[in-house]
Amino acid sequence: MPSSLSGTDLQNYLATLPATAIEKVELIYNPGAAFDANASGSIINIITNSRKMKGVNASFNINYNFNQYQKPSPQILLNGKEKNLSWQTMIGYNYIESENRNRNGQTFTTFNPNEVLAQENLTVNTNRNFYWRTGTNYKLSEKSNLLFNYNLNLANDHNKSESTTFGTGIDFINNSRSKNKNDNHELSLQFKTKLDTLGRTLDIIAFNNFFEKNPITKSNGFNNAVATFFDGDIDFKLNNYYLKYDFAIPFDKINFSLNTGGKYNSIKVQNTGVYNLNSPIASVVDFDYDENNLAFYLEARKKIKKFSFTAGIRFEDFKVERTAIQDDKRTEVNFKNTNFFPNVSALYEINNDINIAATYSKKIQQADYNALDPNNFANFDQYNTSAGNPFLDPTFFDNFELKLTAFQFVQLGANYTIAHDVNRFIFDAKPNELISNQTFKQFDKLNTFSMYASFPIPLDYFLKGKAEFEKRMNDLDKMNYIFLNVNYIDFSAAGLDLDFKKRPVMSYAAQAQFILPWEIKNTLSYNFTPPGTWEIYSLTKTIQQFDISFNRDFLDKKLKIGLHCFDVFNSNEINAIVSSPNLRTNFYQKQDTRTFRISLVYNFGNMKLQKENTEIQTEKVGQGGGLLK
């Protein structure tokens, strides 16, 4: 589910939710007018487990991951029901050690002859995270419920980096240490009621997210016996809140329904950075970001024989103010936009098992704070800097999709997206300066055309016969199958002259499940992406990963034990070319992706009882990240 957090903040937040706590994951392609227009395309909706039980029940889970580093993650889930109150609490702790290795060969093209810097960086990360997630559902009456959620995340991260830079007359070493403490609080309150027996419903949600962090970096290096250093101290605060309502009006007799609603959203970011690079005088950078958004929508659905139509319109009023103060220079960028964002879709049922659908939606995406903030968001020295770009405009998207679905598991489709004023991560350099800057730049237009096919190979149909196959269709956990995905993606960019030949990207993925003797479930997955052009980056080597898992239930499914190995051949790495007018970068990144895991889940209580929702589906503001993936 998208969040107002971005970049590594979002990545670390999502890592706190164990897979055992997830009931299901919904992929909502081309979401309708009821969803925020501030999203580039699809929505991932994560729905967590919740159960309706009398008394107190519990589930204990531990994932012990390891390679050359340790990564234990214990977690306990408590839930229960007493009269009209259902509740659930999830408490856990993550301790994750990892490493990230980068290597850049950078050619500065404004020199004559060209200057080349060879740079390497090894960062060892230690992430400690405690989380508390609680949800309650109080039944006010037969028709009304009141839900309350509170999520808490507390993190204490430490990083150790070793960097080298070599070039003509340059032999530079920089070692640095950084620590980052952050805390994230989320509160949400929802009132749900059925207004009458005709199915009309009203939902009202109030949501608040408060996040703050304080990264501190100390570094020193030696260049020809001259000591160099960099000190950085950042104080970051984010506050996001909204109030929304949704009203559903069905007309069952004529197969017609109306949905309408509104929302007011506010995001406020304050960030102050204090830096000292080889100078007794510190540099201070202040950044403020204020976004206010008022929205209303109307969406209608109509079924006519074998056709189902959806048409919606969303009104969005954005007011965005950005202020950056650096070296006594003040930069103010204000953006106001009032616009309508339509969506239409049509579905035709060829028969009970096959249908074809076509959709169109218009979206907007505000540049997130990670891309805008001129504060430095990475370790740097006199040959490397990193800063956001406060001048980025929002991106507008036109999304088209045509999809054929058969037997629920087979999909053939094509997407075409036209994106205007696209923000992307690049390495940049000023003319005649040997300084590489990691930043974000705006490109006039990015068109994306993709075709995809997803289909299963039902092994049980061939190995066990038709009767046994149909029996196992009702319980996929007992079925043997191979599921295949094939994607073709072609990008065309305007506003950037690429110094490499553009090629489409093909992506292949396969997931297999085999039921072995003694009821052991074996899962295999393989992803394979050959070289090609991804947006404005050229992938020069294949990206691939192979995972394998074994799982078995014991004690009437109360105890679940799993053995896993991720990236068995340690082959997941990124090799790419990133080009800009004054700089060409050969980018290499390798993380410690080969990881072994021992997982254990033990359930206390009757896990077969009826489920009851305590999770509020908060529609957080969609923001992107700043990572090159």
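Of the 629 residues in the protein chain of this predicted model, 45% count as buried. The accessible surface adds up to about 30,800 Å², and 58% of that belongs to carbon and sulfur atoms. Going by secondary structure, you're looking at 4 helices and 29 strands. Sequence distance matters for the contacts too: among those with a separation of 6 or more, 66% link residues 24 or more positions apart.

**The nonpolar cores**

In soluble globular proteins, nonpolar side chains tend to be buried together. Here, the largest nonpolar core has 45 residues. Which of its members touch the most others? Those are Phe-236, Val-269 and Tyr-289. Strand S10, covering residues 226–251, gives the most to this core, with 4 residues.

Tyr-289 is a good one to click on. Setting aside its neighbours within four places in sequence, Tyr-289 is in contact with Ile-267, Lys-268 and Val-269, then with Val-320, Glu-321 and Arg-322, and also with Gln-366, Ala-367 and Leu-372. So Val-269 turns up twice: it is in that contact list, and it sits beside Tyr-289 among the core members that touch the most others.

Another core lies apart from this one. That core has 6 residues, including Phe-397, Val-422, Leu-446 and Ile-489.

**Salt bridges**

Side chains of opposite charge can pair when their charged atoms come close. Searching the whole structure turns up 15 salt bridges. Here are some of them, with the distance between N and O atoms:

| Basic residue | Acidic residue | N to O distance |
|---|---|---|
| Lys-237 | Asp-235 | 3.3 Å |
| Lys-303 | Glu-349 | 3.3 Å |
| Arg-314 | Glu-316 | 2.6 Å |

What does the bridge between Lys-303 and Glu-349 tie together? Lys-303 lies in strand S12 (residues 283–304) and Glu-349 in strand S14 (residues 329–349), so this pair joins parts that are 46 residues apart in sequence. Lys-303 is partly exposed at 30% relative accessible area, and Glu-349 is also partly exposed, at 30%.

Are Arg-314 and Glu-316 buried or exposed? Glu-316 has a relative accessibility of 0%, so it counts as buried. Arg-314 comes in at 4%, which means it is buried as well, since the cut-off is under 20%.

As for Lys-237 and Asp-235, Lys-237 is partly exposed at 30% relative accessibility, and Asp-235 is partly exposed with a relative accessible area of 37%.

Technical notes:
Residues are numbered from 1 along each chain as its sequence is written. This is a predicted model: local features need pLDDT of at least 70, side-chain atom pairs count only at pLDDT 80 or more; totals for chains, interfaces and linings use all residues. Side-chain values use heavy atoms; hydrogens and water are left out. A nonpolar core is a set of buried Ala, Val, Leu, Ile, Met, Phe, Trp, Tyr and Cys residues joined through side-chain atoms within 4.5 Å. Buried means under 20% relative accessible area, exposed over 50%, partly exposed in between (1.4 Å probe, protein chains only). Helices (H or I, at least four residues) and strands (E, at least two) are DSSP runs, numbered from the N terminus. Contact means heavy atoms within 4.5 Å. Accessible areas come from the Shrake-Rupley method with a 1.4 Å probe; for residues, only the protein chains shown count as cover. A salt bridge is a side-chain nitrogen of Lys or Arg within 4 Å of a carboxyl oxygen of Asp or Glu.
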